[in-house]
Amino acid sequence: MDLFYLLVLLLSFTIQVRGQMKLSPEILTVLRGEEARFACSTSNTQWTVMLWLLNGTAVLTISKEFGVLPSINPNVTAETSLVSHGDSWVFVLKSTERRDQGPVTCDLQGIDRKTASLFVQEKGSVKVFGDNKLAFQGQSVLFECQAAGWYPQPALQWQVNDKKVNQGEYNISSEESGKSLFTVTSNLSVRAVKSSHVACLASVSALATPLRSSVRLTVVAEVVQEEDDCTAPLAVTASLSALLLLPLLCVCTVLWLRQRRQAKPSPREAIRFDQSVSGRSSVAEATGGKVNLGYSGEGPTDAVINELIMETRRQEDFVGFHKVPDVVYSSSVSPHSEGPPQVCLSEENSKNVRRITTV
């Protein structure tokens with residue numbers, strides 16, 4: 001009976017001693033090259049030696065009396081912690097490597113030991129292939145992203161204007177290299193609705209902010225909608241018609257100006273025409289203003305003559321009027337009369353007559 005009570009007392013003491021030791025954090029994940037820190041504390045003042053093991057290999061020894069003892073591994077050290085009550089030491093792994101991944105153990109010699117887990121990840125690179133792109137509205141544009149040199153396999157995600165794209169809209173493929181590094185490739189098809197920023201993000205759990213690569217998609221023109229397909233041929237036809245009509249108008253204008261220039265007489269021609277008409281007026285007076293129906297001339301046509309006459313009317317210096325008497329009275333001349341025949345003109349009934357010769 002006494003033996004039973006002794007065993008219970010021993011068990012409770014052991015549990016109490018074990019409860020006085022703590023190792024934190026229990027799980028730590030860092031990126032390769034970063035620092036890893038584990039704190040080991042105990043309220044038991046009877047400990048003498050604290051031993052740190054990395055992947056089962058002793059890498060650092062701490063004496064309660066002398067502190068940190070020299071180590072053959074320059075990448076590890078320890079610091080005292082003032083936060084915890086009792087004796088507490090912080091184990092520091094200065095620059096982590098992939099080979100350091102595994103269990104980290106704090107062993108209080110002869111008292112207790114605790115073990116935590118260390119995970120070392122690697123950060124690679126991420127890149128969206130190609131430069132900024134131009135597209136017509138409604139056109140589908142393909143983007144390709146590659147995240148290379150990661151451990152473990154990174155999480156890859158697309159964003160358009162900082163909005164996450166549904167994972168079902170893009171595909172992901174991965175491969176592992178000889179150094180246990182992963183390369184992830186993804187393709188995304190984007191419909192060009194408006195100008196946007198397209199970004200590809202890659203990350204692992206130890207990375208606080210995902211790596212990001214982005215390009216710009218610029219929508220340069222509107223595309224005719226399907227229901228308005230007929231407007232495109234109409235627009236093309238109208239443009240071609242306008243291009244053909246413009247040269248035709250130019251040719252017509254040049255021809256009209258040339259014809260007008262040829263029809264307009266020079267001042268010298270107007271003078272000659274006026275003299276010609278003046279010469280013919282004597283003939284008209286001699287014939288009493290009658291039209292010679294048998295006359296045929298080789299001069300200008302009636303239309304040209306009329307045009308010239310209208311021009312001469314506007315030039316007062318080249319136009320003249322003659323008075324033609326209504327009645328001409330003549331007396332018979334006798335062979336015995338002494339003087340020239342007398343002609344009497346009735347000036348009172350004279351009229352202003354425009355000189356027109358009808359051919």
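**Cysteines, Asp-107 and a surface patch**

Reader: Start with Cys-250. Buried, exposed or in between?

Author: Cys-250 is partly exposed in this predicted model, with a relative accessible area of 43%.

Reader: Why is there no bond from Cys-250 to Cys-252?

Author: The sulfur of Cys-252 is the closest cysteine sulfur to that of Cys-250, but at 9.3 Å it is too far for a bond. A disulfide needs the sulfur atoms within 2.5 Å. Cys-252 is in no disulfide, and it counts as partly exposed at 45% relative accessibility.

Reader: How many disulfides does the structure hold?

Author: Two. One is formed by Cys-40 and Cys-106, with their sulfur atoms 2.1 Å apart. Cys-40 lies in strand β3 and Cys-106 in strand β9, so this pair ties together parts 66 residues apart in sequence. Another joins Cys-145 to Cys-200, S to S 2.0 Å.

Reader: Which strands hold Cys-145 and Cys-200?

Author: Cys-145 is in strand β13 and Cys-200 in strand β18, so the pair ties together parts 55 residues apart in sequence.

Reader: What is the torsion about the S-S bond of Cys-145 and Cys-200?

Author: About -80°, so that disulfide is left-handed. For Cys-40 and Cys-106 the torsion is also about -80°, so theirs is left-handed too.

Reader: Back to strand β9. What does the side chain of Asp-107 make a polar contact with?

Author: The side chain of Gln-109, at 3.2 Å. Asp-107 lies in strand β9 and is buried, with a relative accessible area of 12%. Leaving aside neighbours within four places in sequence, its contacts include Met-50 and Arg-113.

Reader: Different topic: which residues make the nonpolar surface patch of about 310 Å²?

Author: Leu-134, Phe-136 and Val-220. Val-220 lies in strand β19 and counts as partly exposed at 46% relative accessibility.

Key. Residues are numbered from 1 along each chain as its sequence is written. This is a predicted model: local features need pLDDT of at least 70, side-chain atom pairs count only at pLDDT 80 or more; totals for chains, interfaces and linings use all residues. Side-chain values use heavy atoms; hydrogens and water are left out. Helices (H or I, at least four residues) and strands (E, at least two) are DSSP runs, numbered from the N terminus. Buried means under 20% relative accessible area, exposed over 50%, partly exposed in between (1.4 Å probe, protein chains only). A polar contact is a pair of N or O atoms within 3.5 Å; within protein, one must be able to donate a hydrogen and the other to accept it, and residues adjacent in sequence count only if both atoms are side-chain atoms. Contact means heavy atoms within 4.5 Å. Patches are made of residues with over 30% relative accessible area and no salt bridge: like charges are joined within 9 Å, nonpolar side chains (Val, Leu, Ile, Met, Phe, Trp, Tyr) within 5 Å. Accessible areas come from the Shrake-Rupley method with a 1.4 Å probe; for residues, only the protein chains shown count as cover. A salt bridge is a side-chain nitrogen of Lys or Arg within 4 Å of a carboxyl oxygen of Asp or Glu.
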